Structures are given as structure tokens and as C-alpha cells.
Amino acid sequence: MTNITISPFNRVEGDLDVEVKYEKNKVVDVKFISRLFRGLEIILRNKDPWDALVITPRVCGICGGSHLYSSASALDMIYNAEVPKNAVKIRNVLAMAETCQNDIRHTYLMFLIDSTNRLYEKYEFYPEILKRWTPLVGSSYKEAIRWSKKYTEIYAIFGGQWPHGSAIIPGGVTTDPYPNEINKALGILKNITSNYLEKVILGGDLDQFLNTVKSVKDLDQWSEDFPESDLGKIWRFGNELGWHKLGFGSGIMLSYGHFPKDEYVKEVDREKDLIFRAGIYIVNKGELVRFDQKNIMEFINKSYYKYTKGDTIGLHPFEGETNPNMSGDKGKYTLTKCFRYNLNGELITPEVGALAMLTVGQNPLILDIVNKLGPSVLARVIARIVRVSIYHKLIEDELEAFEFGKPTYKKPNEEKEGKGYGLVEAPRGALGHWISVKDGKIYNYQMVTPTEINMGPEDPSNNKSHVAKALIGTEVVDVSNPVEVYHIIRSHDACMVCNVH
Amino acid sequence: MKNLLWLQGGACGGNTLSFLNAESPDILEFFEAYSVKLLWHPSLSLESGNKVKEILNEIVNGKIHLDVLVFEGTVVLGPNGTGKYNLFAGKPMKDWVREIANIADYVVAVGDCASFGGVPASTPNPSESVGLQFRNKEFGGFLGREYRSRKGLPVINVSGCPAHPEWIMTTLSMILKGKINEDSLDEYNRLKIIYSTTTQFGCPRNIYFSYKVGLKEFGHKEGCLYFNLGCKGSFTRSPCNLILWNNQSSKTRVGTPCFGCTEFDFPTFNFFKTEKNKAELPKQLPLGVSRGSYTMLSAIARSAAPNFLLRPLVKKEEKVDWID
């Protein structure tokens with residue numbers, strides 16, 4: 001048995017140590033140890049509920065807009081806010097632009113540069129990998145630096161600035177764009193589509209990609225037809241490097257769903273009224289089941305926190321507590337709480353992220369990949385590219401549907417008491433905020449983040465979370481250079497600053 | 001070559017992401033133009049684990065000369081001064097910061113957290129966070145009032161939550177050219193050329209401010225956000241409306257109030273409401289204005305407000321109850 005701690009494990013938006021146990025070359029156990037606590041939920045106590053719109057985006061520098069969307073949606077619910085259609089469209093555009101930015105940066109800056117690892121030197125296509133994906137100098141790396149920020153321009157047109165704009169508020173958005181602003185955003189999007197997405201990533205026409213690539217077979221064909229595209233290279237090299245067999249994990253996909261289609265009051269039906277529906281997909285059964293936020297709970301038996309009623313119980317976020325405590329208590333080792341979902345009495349350990357979102361959302365290509373090949377490292381990378389492609393179309397649709405002259409905001413009544421939650425699909429998966437308001441102040445604020453869902457510690461029955469399951473059993477070629485471990489963790493687009501906030 | 005090391009403490013990574021948004025030059029062009037060798041960065045570098053410790057130890061031992069340390073996020077001292085809420089490469093980040101700040105030619109605090117403590121350090125400061133040299137407006141930061149880097153300068157602050165990429169690059173480029181001295185810095189050790197104007201400079205709502213025409217609810221292009229909706233733009237020093245965000249906009253341009261995130265006291269909370277006194281005038285007045293002169297000016301200005309500012313500019317609406 002060899003015990004190796006990777007400290008720090010970088011390119012995960014924050015501080016992480018990973019402790020891996022090997023038997024010979026096989027991973028037999030793993031612990032994710034998060035290393036940063038700021039206590040934003042504690043800071044939010046007793047503040048004006050609207051202040052959450054400024055504080056929660058600052059949980060995370062790369063997906064703050066998702067926290068903002070969650071926060072505002074939770075307040076919508078508490079205030080019974082009527083959200084006008086125009087506001088829904090602008091909110092959706094903000095969230096999609098941010099996610100596109102994230103998915104490009106994650107793919108090239110965080111994930112793909114591991115493909116330049118010396119372990120792959122023996123492959124004949126290694127020079128091609130180096131040419132494209134080497135950090136700071138690779139051709140596609142440079143393109144990612146050049147183009148990913150263009151999405152933030154779209155965000156800023158409506159959100160004022162990125163990161164850390166606060167233009168989404170209960171009842172709508174603060175902005176009131178004129179048609180020239182809509183046109184400018186469309187122009188920027190078109191520019192990215194033609195000169196980046198189609199040229200570098202897809203290699204071919206976006207509409208053609210979305211309309212014709214619906215199965216593994218279609219993707220094989222696309223990669224043959226457009227062999228110089230990054231998508232084609234990732235698919236081909238990924239298959240040759242075995243990324244399609246790596247890191248399956250729990251085989252349970254959870255998505256909260258995202259993007260209301262129309263105006264709404266208070267909240268929307270997550271199965272009907274969202275562009276991407278919510279649900280839980282059980283891969284080996286091919287079965288999609290209903291999601292209900294009531295079944296979410298958080299444990300802290302391995303986490304540096306105390307619950308007032310004992311450390312072995314699970315709490316729904318409305319009852320959630322954040323009382324950090326790093327002393328005593330043997331067996332506690334991380335600042336991340338443990339997320340579980342109660343599915344008919346069984347505590348499941350789902351995977352969240354682009355792959356889960358598109359699987360639950362019934363995207364034909366991603367469903368086919370997951371069903372035929374399994375939810376692998378490669379499937380996750382492909383899912384991110386597919387999501388960016390879909391979002392390009394959706395951003396266009398939402399902007400075209402904006403009706404100048406109609407309201408972007410309807411002032412809600414600020415109820416002094418109430419509870420609300422806001423659920424979204426953040427770039428790295430299902431994100432929820434649960435807020436209780438008393439006497440017009442925040443009484444309890446709980447955020448449950450995607451990286452916590454994927455990479456939390458064990459629950460009281462010693463069940464591992466999804467990414468730990470994805471790692472255990474993996475054979476690595478070289479324990480001193482475990483690129484397989486890097487791939488599995490980074491394919492989940494981990495975000496440690498969200499994970500512990 | 002100039003060696004640059006970028007570390008994150010109690011951070012969200014927002015300044016790194018903001019830096020990545022830099023355009024003309026972008027970050028790669030910038031590194032090339034200024035011959036910067038990025039020794040390590042938590043989000044941009046290939047190296048993980050022991051390799052990182054090696055690099056850090058070689059810097060501390062003087063084997064690698066460090067020209068610039070860029071630090072993002074707070075220095076976390078909690079719990080109880082141990083720094084265990086932020087462990088990095090085997091020990092509290094605060095210990096790395098101390099060791100590396102001792103040998104760096106220049107130290108740059110990027111963002112409000114590293115400059116003043118920012119969001120993590122706000123009440124009740126659960127992580128016992130401080131800025132590198134400041135705790136809010138006091139020299140109560142981690143490195144202490146007397147700290148000077150090897151080139152004799154205090155920590156150079158680039159405040160803002162996040163800092164704009166152009167502010168970061170301008171500061172770094174002046175350092176790399178050796179063109180920065182104490183005279184270039186304001187009382188909070190920020191570059192004067194960036195932090196001498198208020199957010200209001202260049203705000204398109206400035207005309208409404210001048211004639212004291214306020215906006216009562218969000219979602220409109222018309223009206224100033226200062227009178228009712230919490231905007232701190234008239235007393236916050238930043239060039240947010242002069243050097244636009246993401247080449248496009250700013251908070252006030254999209255109807256979001258300025259939250260004062262470049263200032264030492266951010267976050268002050270109650271961000272979307274203007275606190276007023278008994279006379280219904282804002283408690284906090286524009287930078288450098290006395291209450292007497294403000295009261296006098298308000299009365300005159302409001303009575304002189306041109307009619308077209310009291311109506312929607314473009315939209316036809318029967319009743320307009322959102323302009324004050």
C-alpha cells in the first residue's frame with residue numbers, strides 16, 4: 001500500500017489536497033481535503049436579504065453569476081415576485097454567457113493541458129497535442145485566452161461587469177437595454193461563433209453540428225469529416241488514450257434544470273417550464289426519475305463542523321447549520337460538507353455538471369454517449385463542448401425574443417418573513433441557495449454547491465461521494481505521475497472556492 | 001526575465017479571472033512584452049503537488065530570485081490565529097506569505113481582499129481575515145505598517161472586487177519598468193492614476209445627479225441611483241465609468257448601484273437602499289461636499305431640472321412613478 005498526498009492539487013479554482021491510497025498501481029482509497037474556509041454563510045446572517053446579491057457572487061470568481069441567479073431566485077420565491085419575460089431572457093443570457101466562458105476556460109486552461117503530460121510521449125500524435133494544448137503557448141490554448149473573454153463582454157452589456165456584477169434582483173434585472181445593446185451582444189456572439197467556435201472547436205458549421213450529430217456514430221463521422229477541429233482531436237485522442245473508460249463514478253446523474261422559458265411568479269415547474277428539465281437519471285437502468293429539493297440533505301460526520309443535534313444526522317438546507325470547528329473529533333478531515341439525496345429511502349451520491357445536465361435534459365448525443373460508453377472523463381469533456389454549442393443558439397434565441405419597451409423589472413413586495421430556494425445549473429452543475437428571512441433580515445443562508453455534491457466526504461454509512469467512486473479501482477501507469485487521477489478530478493471542473501464558501 | 005509568482009489566500013479567484021479578461025495586451029502578450037516568467041499560478045500552471053513546494057522553497061531559499069509576488073485574497077489567520085482555515089502546500093498560507101514577502105522585490109495586493117480584507121473580513125470575520133498591509137483603513141494588515149519589500153516599497157494595492165484587468169496591468173507594468181515610487185501611490189498605497197477619480201466620472205446618469213433627479217425603482221435607464229437605490233458612486237474612488245468593464249459597461253450603466261468595492265470599507269452592506277437622515281437627504285454625501293452646501297445646492301438644482309429629465313427618455317408610459 002502506498003499513500004500519496006498531492007498538495008496542492010491545482011487548477012481547481014481554489015485550494016485542494018488529494019490523498020490517494022494505492023495497492024500497486026490501483027487506486028484503493030481517496031480523500032479530498034478542502035483547505036480554505038471563509039464563512040460567507042455566517043457573514044450573511046442578520047444582513048438585509050438583498051445584500052446576498054452582492055455577497056454570494058463573491059463566493060466564486062468564475063461562476064459568481066450563477067450564485068447571483070440562485071440568490072435572486074430564492075428571494076423571488078420569498079417575495080412572491082412576478083418576473084417579467086424580458087427579465088427572464090436577460091437572466092438566461094447572463095447565465096449562459098458566463099457558462100460558455102467557464103466551459104472554454106475549463107476545457108483548455110484547466111483540463112486539456114494535462115494531455116501534454118510526459119506519460120503520453122510515446123503516442124504518435126503527442127507533437128500535435130503539444131502544438132495545440134501546451135499552456136501559454138499552444139495554438140488552441142492561445143485561442144481560448146483570446147476568445148473566452150468575449151463571452152464576458154456579452155455578460156457586461158447586460159450585467160455591467162464580469163466577474164461580480166449584480167444585475168439580477170428579485171423581480172427581474174436592473175438593466176433596461178435598448179435595441180442597440182441587444183444587437184451588439186448578438187454581434188459579439190456571431191463573431192465568436194464564426195471565428196472561434198466553428199473554426200477552432202467544431203471545425204464545421206454550428207447549425208449542422210447541432211442538427212446532425214446525435215449519436216456516437218455521428219460524432220465519429222464528424223471527427224472524420226472535420227479532423228482538424230479540436231472536437232475531432234479530443235474525441236480521437238481521448239479514445240486512444242482511454243479517456244472513454246476512465247472515471248465512471250456513481251452512474252447517477254442529477255440536474256436541477258435551468259432557464260425558465262417565460263415570465264413567472266414565485267417559482268417554475270422544474271419538469272415543464274424549464275428549457276433544461278430537472279431530474280435524476282440512473283445510467284444502468286436508463287431511467288429518469290423526479291427530483292424534489294425536499295430530499296436534499298447535508299452531513300458533517302467527516303467535516304470540520306458541529307451540528308447542534310449531533311454530528312451524525314443529515315439536515316435539509318432550510319435547517320442547515322454552519323458552525324466550523326477544527327478541533328477534536330477524530331475522523332474529521334475536510335471543510336466540505338457531505339451532500340446526499342434521499343431517493344425512496346436510499347441515500348444516493350449523484351454526479352452533477354454539464355454531463356449530468358445534458359443527460360437529464362435528454363440531449364440525444366450525450367445520452368447516446370452515456371448509454372453506450374458510460375459517463376467517462378471523455379464524455380464530460382465532450383458534454384462541455386456540446387453545451388457551449390447549444391448555448392450559442394439559445395443566447396441568440398433569448399436575445400431575439402427580447403421585446404424593447406416591455407418591462408425588465410417588476411418591484412416585488414419585500415416580505416419580512418419567509419423561506420425560499422433558488423436552484424440553477426451553474427457551470428459545474430447543480431447549485432442551490434436556501435434562504436430563511438425573519439424580521440426583514442437573513443436568518444439562515446445555506447448554499448449547496450456542485451463540487452460539494454461531486455467531491456464531498458463520506459456519509460455516516462461510509463458511502464463515498466461520486467468522484468471518489470470514479471477514482472477507486474482506477475489503474476494508474478505511474479503513481480509518481482498519476483495523470484489518470486488528474487484527468488478524473490479535473491474532468492469534473494472542480495471549484496473549491498464554491499465547495500467551501 | 002522577471003519572475004512573477006501569483007498566490008491566492010482567502011480568495012474567490014475573481015481577480016485571476018478578471019486578469020484573464022485583459023485585452024490589448026492580453027495576458028500572454030503582456031508576459032511576452034514585459035519578459036515575465038510566471039513561476040507558478042494556481043489556475044494557470046501545469047505543476048501540482050511536490051513540484052509546487054519545490055518552486056516555493058527555492059524562492060524562499062533565494063535559489064530563484066522573485067521580482068514580483070502577486071497576492072489575491074485575504075491572509076487568513078483563523079481559527080484562533082493558527083491559519084488552519086487556509087492551508088497550502090503543507091502549511092498555513094500566512095506562513096508562506098511572510099516568508100515570500102521577505103524576499104520579494106515587490107509585493108502586489110490584487111483585489112479588495114488582499115488590499116483591505118474585503119468580503120471575508122467583514123463582520124463577524126469568521127476566518128479572521130486581514131489584508132496584506134491594511135485592515136480596512138488602518139495599517140493593521142498581516143505584514144504590518146513598517147513592511148517594505150526589497151525595493152523599499154510598501155505593498156502596492158490594486159483594490160476593487162475584483163480589480164479591473166487594466167488596473168492590474170498598469171500597476172504591474174509600472175513595477176516591471178521600475179517606474180513606481182511612493183509618490184505614485186495614494187494614502188492606501190494604490191496607483192494615483194487609477195484611484196483619483198470617483199465612479200461618477202463618466203457615469204451616464206451624472207446629469208440626473210447634477211439636477212437631483214432620482215430613480216425610485218430598478219429597471220430603467222433614467223435617473224440617478226444615489227438618492228434612493230444605494231449607489232456609492234459619488235464617494236467611491238474608481239475609474240469604473242472611464243475604463244469600462246469588459247470593454248463594454250459598468251454597474252451604473254446597467255442600473256446597478258455602485259457598491260464601493262474599491263474602498264477600504266467594502267463591504268458596507270445595505271447595498272440597494274440609500275440611508276437618509278430626518279430631512280430625507282442621503283446620510284453619506286458626495287466626496288468632499290459639506291452638508292450645508294449640499295442642502296443648498298440640492299434645492300437649487302432640483303428646481304432647475306430640465307423637463308425632459310423628469311420623463312422617460314424614449315418609452316411612452318401613461319404614468320411615471322419611478323422618477324423621483
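Two residues are in contact when they have heavy atoms within 4.5 Å of each other. The model used here is predicted, so local features need pLDDT of at least 70 and side-chain atom pairs count only at pLDDT 80 or more, while totals for chains, interfaces and linings use all residues. Residues are numbered from 1 along each chain as its sequence is written, chains are lettered from A, and side-chain values use heavy atoms, without hydrogens and water.

**Exercise 1. Find the surroundings of Trp222(A).**

Step 1. Start with the element: Trp222(A) lies in helix α9 of chain A, residues 216-225. Helices here are DSSP runs of H or I with at least four residues, strands are runs of E with at least two, and both are numbered from the N terminus.

Step 2. Is this residue buried or exposed? Buried means under 20% relative accessible area, exposed over 50%, and partly exposed in between, using a 1.4 Å probe and protein chains only. Trp222(A) has 3% relative accessibility, so it counts as buried.

Step 3. Look for its partners. Leaving out residues up to four places away in sequence, Trp222(A) touches Leu202(A), Gly204(A), Asp205(A), Gln208(A), Phe209(A), Thr212(A), Val213(A) and Leu231(A).

Step 4. Now try a distance. Leu44(A) is 178 residues from Trp222(A) in sequence, and their C-alpha atoms are 49 Å apart.

**Exercise 2. Describe the largest nonpolar core.**

Step 1. A nonpolar core is a set of buried Ala, Val, Leu, Ile, Met, Phe, Trp, Tyr and Cys residues joined through side-chain atoms within 4.5 Å. In soluble globular proteins, nonpolar side chains tend to be buried together.

Step 2. Which residues have the most contacts inside the largest core? They are Phe32(A), Phe158(A), Ile382(A), Ile489(A) and Ile27(B), in a core of 212 residues.

Step 3. Zoom in on one of them. Beyond its neighbours within four places in sequence, Phe32(A) has contacts that include Leu16(A), Tyr333(A), Met455(A) and Ile489(A).

Step 4. Follow Ile489(A) to its helix. Ile489(A) is among the buried residues of α16(A), and this helix, residues 483-490, has eight of its eight residues buried.

**Exercise 3. Sum up chain A as a whole.**

Step 1. Count the elements: chain A has 17 helices and 18 strands.

Step 2. Check the overall form. The radius of gyration, taken over C-alpha atoms, is compared with a globule rule of 2.2 Å times the number of residues to the power 0.38. Chain A comes to 22 Å, close to the 23 Å given by the rule for 501 residues, so it is as compact as a globular protein of that length.

Step 3. Finish with burial: 70% of the 501 residues of chain A count as buried.
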